[in-house]
Amino acid sequence: MSAENQAVFLNAVPLLVLAVLYLVATGTLAPSFWRERRRMGEVESALALIFPCCGLAAAAGGVLLLRDPKPLGNTWVALAAIVVAALPAVQFLSRGGDRTLLLTGSRRAREAEQQTTALTRRREAMNAFTDTLVRTDETERVARLVLSEVQGLVGVEFAALALVEEGEARGLMALLGADEVEWWRNLRLELDREASAIGAAVSEGVPVTVHDVASSPYVKREVAEALGVRSGVWLPVSTGEAVIAVLVAASTGAPRTFDNDDLELLREIAAETALALERTRSAAALAEALARERLVAELSRRLRALDHDAALQLVVEEVGTALGASRCLLRLGEGETATTGAEWTAPGVEPAGAHALRLPTPILAARERKTVEIPDVAAAAERLGDGGFLTQLGVRAVLATPIIVAGELFGVLVVHRPETGNWRGTAVRLVEGVARELGLVLGTARLLQENERRLEQQAALLAAGEAVTSELRLETVLQRLVDEVVRLLDADAADCWILDEGRGVLRCRAVSGVPASEVGRETVPEGTIAEALALGRPVLKRDFGRSERPPPSASYAGFEEVVEGPITSGGRPLGILGVCSRTAGRFGPTDLDLLHAFAHLASLALHNAELFEERSRQARIQRGFYRVASVLGRPISRPATLDAVAEAANEALGGSFAAVLMPLGTTLELAGSEALPEPLAEALRRGVPTGDGALRLVTGERSVIASPAVDRDDRFDPEWRELARELGYRSLLAIPVEAAREERFAGAVLVFFSETRLFTDDDLEVAGHLVGAARAALERSGAYEEERRARSLAQQLARTGGLLASELDPAAVLDEVVRQAPRLVGVDAAAVRVLDGDELVVTVTEGAAAERMLGSRSPVSTRLSGDVVQSRGRIAVEDAEGDERLLAADPLLGLGFRAYLGVPLAGAQGAMRGVLSVYSTRPKRWRAEEVEALEALAGNASAALANAELYQRVALEKERSVAILANIADGIVAVDREGRVVLWNAAAEQITGVPAEAAVGRTPTEALGRALGPESDTPAGNRLVAVPRGGEEVWLSLTEAVMRDPAGAVAGRIYAFRDISADRQVEQMKTDFVSSVSQELRRPLTSIYGFAETLLRRDVLFGEEERRTFLRYIASESERLTRIVDALLNAARLDAGDLQISLAPIDVGSLVSEVVSGFETAAANGHRFAVEVGSAPVARADGEKLRQVLVNLIENAVKFSPAGGTVTVAARRDGETVEVSVADEGLGIPQAEQARIFRKFTRGDVGRGGPAGGSGLGLFIVEGLVTAMGGRVWVASTEGAGSSFTLALPAAEAVSSPAGEWVEAE
Amino acid sequence: MTRVLIIDDEAPIRLLCRVNLEAEGMEVLEAGDGYVGLEQARQDRPDLVLLDVMMPGLDGWAVAASLLADPRTATIPIIFLTARAEFRDRARGLDIGGVDYVTKPFNPLELAALVRSLLNRSDSRGRDDRRGEKLSALRASLGA
């Protein structure tokens, strides 16, 4: 293609097409554009112009190009550009209908945007509004806020809010522009009544739009004109349940429409308003309620604080002022008795005064028992009846609320208003609230009052009741009754009459305020009394004094009013309680009730009193019975029983004192009593003759005598009657009581009563019971006494038996017997007569009188005791009085004893020994058991006597045996068959060192520590047994003998033993002596024999000197031997007492020197000898013996001081004695042995280093010789320090004799 | 030469023993009491001791016990001289060894023979303590 073509086809044509497109588009837009021309903004205009411009431009271009086809640059590029440029148009056209969108779309967008912006702004405004609204409490402010918002948001000049309440619309607020429409507040619309836009809105529940107010039938013309509104919308403001307000938004000026947005907005506002209003309203309502409540509470508080009337006044005042009424009044009571409690009137209003009671409304309210609201008196004429009356009072509206408490109408609270109109709910509630409170207050007050009154009554009743029921004695109860009832009912007088059912009369028992003489008067029930009794309830008689039939007595005539209250118990009339007053009108129904209640109390009290009386009586009787029963239960002595019977009778019958009389012989004696006064007791003790009239009936014929007035009862002796008067007992009941044994007469129980007593059947019944009980008791008592006596006898007997059995002296036995006998049988004296040949001798007696008879004799043949002996049986005399023969037979009887009982005393082998007899000063009926007891005693005595005699014999024998045994030198031990020692004689004690007490009863082994023998059946003859005695062994020579019983069994053993230890000792000593002597003899013999043999030795030649020495030793040892033998002989002689002593004055000194020098020459162990001789001591002694003594002593001294030392021999004269002492410094002698050393064969301690040798006789001989010479020898020694032997001889006249010579005395 | 110690409180007996034993060619020592005897025994160690039983001060038994107790003298044989007759009977059965006795009066000639025999017997070694025991027993049975 050529460039031009290209240019044409590719550029020009598309351009033209483009232009066409745009122009078409323009074309479609044009109408809309024209339409919307005004409302378009610049942008839209510009946009709208694009299309035509582009079209035109494209057209122009195309055209040009056609004319001059020159390519525009690159044709294809240009084409592309053109295509691109065509897109918008294509797009636009393809969208078709939405062309307006282009135009108006932007505008609408703009508008929408605007609107959105506006909406947003509105929303924001709304939110702000809502916020503010929420914070706004007051209705006013809410309204203002809302309205201004409405004005602003919806764009109206007029906004108004009217509250809808109970079918009435009330203008709340209206804003015209910025100003409030004042009169709007006073707008009141009865929605039911008149048609209104508001009403329409309310009833329809939807917004009502009125385009042209002027032509609307709804809107009030006046209102509309006043406001100058043209169009408006009425929106109901509802909370969801009800419409509470109407929001009016109206425009002044030209009519307008409200579109949905507006409506929507308004609805929103309305909703918010509803909430806000509701809130404020509730707040307001709450506040109001609170205020009301507070008011009510305040009222009620002040009501309670104030007294009644002031409170009421307060109420009406407050209510009236609170409600803004003209009048408020309170009507109390109901029906005829209604009164005006309080009335308040607003200033300038006249009080209703007397008319108040005729007000119909309260009557209506009272009748209907609910609040009555009369908004218009005139209109409610048919309800009220007489409405004109109210109108006269200037009342147009009435509100009346009944005051009801617990279903009871107290009164009516009435509020009057001068103008008509519905009563606001709040007002009604307030009034009702107040009415309630008032009701409560009134009710409470009344309750309290009533309670108080009732309490008072109850308290009075209680006090009265207490006073009455605290007493049990009938008379006191009745008196208390009348006193209390007077007090209780504040009466002037009261009386109490008790019905005597038997006779059907009323007897006056107690009075108060009426002369006491009325007491005791009797009357039949009549008049008011009868009426009351019949009715069973108190009856009030007014004008009593005058109108009562039959006419009352003078005492009662002066009473105006009398109430008679019957006292009943279980429907049964007991009596009448009457209360009287001198003043008329004194008693009311409450008093009657009170009296009725009191009468119940009275009946209770009476009942109690009666019961008590009855019970007391019963108790008394029971006590009596019990006493009697307890007497039965306990066996006691007869006197105690009779006392108990008296006591029982007294108690049971309620007497003052009682006495029991028992027959004794022909009289009755006082046997028991209870509270008996002394004079009476005295009289009774003197003895009452049974022949006495009344008592004879009792005791003889056993009948009960009841005498209510003894002093007038001629059945009784004058004496009795006199006593009765003196002692003041009026009545007497005499009951017979059987004595235990069958007697002709019975006893009698007399019960005395200090007051006159009518004896009832009850009493007689008790008496009868008593009789039976007393008899039983006496029987029981009798049995008891019997038993006691028997037991006592038995005990005594046992005791006596015991005593007798243990008594071993026959004389004592008899003494005991005669002492016990009287006690045993309860008599005064006893005597034992012993059979001596053919005479009975009174041997022992007991009892002062009987003593005189001691020793008297009587033949066996005499009566009484003699009879006893001969018959070997008992003799009993009950009463010896008058019996001469008996008196003669037994002198004792003559001494004043009346009764006698004698029993035999048996002796050995059944022989009669004597008679035991007892005497009684009073006549005595000897009871069987007593006699038996005495016989038993006699038996015991016999046995005891036999025993005693036997014992005596035995004792004698025993003593003999004991003496024998005691004196035997041998020990005798007897053991029984169990081996226990039964005899241990003195010698046994001495020998064994075991005392008899320790040995008897034990076996010899136990006693001695060693068996006495093998205890075989056939003992060997003598045995040697060693028993320990005090640490030593004592040797006994024992013989044993077996005792056999008749059966041949071993019955015991007898041991006889002798202490041979001494013998043994002696034997031992002898043996020792022999051996020691032989030893001693052997010593010198050893030397003699030895040296002799030595000399005979052939094998050794001894020198002359040696030989001489040997021979010398032989000689000296022979001499020693001789000495020993001599000593033996001397000792033997001493033993035999065969010593020949020739005494002469001996020069002791020279003898001493001589002997000592002899020792010195033969000196051995370096002993030194010292001689101390005083001034020529001369003793009367046997020289040779003395020499022996000295030699012995010095030898000992030497022997016993082996260590050497000095032997001092001293002799001196000391007065009448010459003392010679030999002292050594040797071994000494132990203290223990110093006593023994002078005994035979006692040698110095061998084996302890003491010297061997020595016969043990030395000192024995020394002592023997010295003693034979009439002297004494003793030792003083200290062990280890030496000994000193001293002998003392009688001094003699110094005889000059040459030393060495001794003179033989004549 | 056999040395014999004679302990006796009686001089004649001592002389008797001395003479007769010296005649047999023995050396004789004498002591007049137990203490001295013991001393001499310890000092001079005799071959045999003639011991009188009944001595004042320390008696024969005590001396013997002391001799036995002292090891120096324990082995020396002892011959008791006693006047007690029963001794012979009682002690006969005992073989104490190294102890013998002679009752008084005795034949002095026989004494020497006895000394010799005892010495022979006691030559054997091994004299044991039984000797001591037997001694005590013997003493006890004699009843000190």
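**The interface of chain A and chain B, and helix H6(A)**

Modeller: Across the interface of chain A and chain B of this predicted model, the rule finds seven residue pairs in polar contact, both residues being at pLDDT 80 or more; a polar contact is a pair of N or O atoms within 3.5 Å, where within protein one must be able to donate a hydrogen and the other to accept it, and residues adjacent in sequence count only if both atoms are side-chain atoms. Local features need pLDDT of at least 70, whereas totals for interfaces use all residues, and side-chain values use heavy atoms, with hydrogens and water left out.

Colleague: Why is the pair Asp9(B) and Arg1083(A) called a salt bridge?

Modeller: The closest N and O atoms of Asp9(B) and Arg1083(A) are 3.3 Å apart, and the term requires a side-chain nitrogen of Lys or Arg within 4 Å of a carboxyl oxygen of Asp or Glu, so the pair qualifies. The count between the two chains is five salt bridges.

Colleague: What area do chain A and chain B bury between them?

Modeller: They bury about 2,400 Å², 62% of it on carbon and sulfur atoms, where buried area is the accessible area (1.4 Å probe) that two parts lose on being put together, summed over both. Of the area that chain A buries against chain B, Arg1083(A), Thr1086(A) and Arg1097(A) supply 26%, more than any other three residues.

Colleague: Which residues of helix H6 in chain A are buried?

Modeller: Ala197(A), Ile198(A), Gly199(A), Ala200(A) and Ala201(A) are buried, because each falls under 20% relative accessible area (1.4 Å probe, protein chains only).

Notes: Residues are numbered from 1 along each chain as its sequence is written. Chains are lettered from A and ligands numbered from 1 in the order in which they are written. Buried means under 20% relative accessible area, exposed over 50%, partly exposed in between (1.4 Å probe, protein chains only). Helices (H or I, at least four residues) and strands (E, at least two) are DSSP runs, numbered from the N terminus.
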